[in-house]
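This briefing introduces one structure to a reader who has not met it before. Please look over the sequence and the fold, and then go through the points below topic by topic.

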Amino acid sequence: MSPAPAPGDADADPVRQVWTLMRRFVEAHSRHGELADALGFRLGGGRGKVLLQLRQGPRTLREIAEANGVDAPYATIVVDKLEAHGLVERRPHPDDRRRKLVTLTAAGQRALETADAILLRPPAAVGTLPPGDLERLAGLLARLLAADAAGG
């Protein structure tokens, strides 16, 4: 049995209905409060996104700003807040000591591990789907991600 559309969505086109159902499911299983409790603070305001990007290695403030579509002063504010929590530190750039590299600290790495443990834990309802449905859903979501990456 398929879930009923949200009130007011009965006449919605299929694309809108699917998007509405996906959002309702994800929002019903948000773990941001649990993560904030575990870390002792919220990772909002772009801080979580920057922290995840630093997993790939150190970045300059300019790289952080460009990757997030923000200006340098805002990137500095985000990094300042992460630094205040002890999650990142600024180090001199090896090729140009006037520039700084932002890098994860051990506490930042632990925060990422905590975030992974909490945010990547699937809701129990996902585990109720039969293997074939899970495979189809994974394929559909992979296609959506690919279309999104291609600008489609």
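L129 counts as partly exposed, because its relative accessibility is 31%, which lies between the limit of 20% for buried and that of 50% for exposed residues. The model is a predicted one, and the points that follow deal with a surface patch, a pair of helices and a residue in a strand.

**The nonpolar surface patch**

- L129 is placed in the loop between α6 (106–119) and α7, and together with V18, W19, M22, L134, L137, L141 and L144 it forms a nonpolar patch on the surface, whose accessible area adds up to about 660 Å².
- Two or more residues of this patch come from each of the elements α1 (14–28) and α7 (131–149), and α7 makes the biggest contribution, with 4 residues.

**The packing of α4 and α5**

- Helix α4, which covers residues 61–68, packs with helix α5, which covers residues 72–84, at an angle of about 105°, and their axes are 9 Å apart.
- Since angles of 65 to 115 degrees count as roughly perpendicular, α4 and α5 are therefore described as roughly perpendicular to each other.
- On the side of α4 the contact is made by L61, I64 and A65, while α5 takes part with A72, A75, T76 and V79.

**T60 in strand β1**

- T60 lies in strand β1, which is made up of residues 59–60, and T60 is buried because its relative accessible area is 8%, under the limit of 20%.
- When neighbours within four places in sequence are left aside, T60 is in contact with H93, R99, K100 and L101.

Notes
Residues numbered from 1 in each chain as written. Predicted model: local features only at pLDDT ≥ 70, side-chain atom pairs only at ≥ 80, totals over all residues. Heavy atoms only, no water. Patch = residues over 30% accessible without salt bridge, like charges linked within 9 Å, V, L, I, M, F, W, Y side chains within 5 Å. Areas by Shrake-Rupley, 256 points an atom, 1.4 Å probe, with all protein chains shown as cover. Salt bridge = Lys/Arg side-chain N within 4 Å of Asp/Glu carboxyl O. Buried < 20%, exposed > 50% of the residue type's maximum accessible area, 1.4 Å probe, protein only. Axes fitted to C-alpha atoms, helices over the stretch in contact; angles between N-to-C directions. Parallel < 35°, antiparallel > 145°, perpendicular 65-115°, else oblique. Contact = heavy atoms within 4.5 Å.
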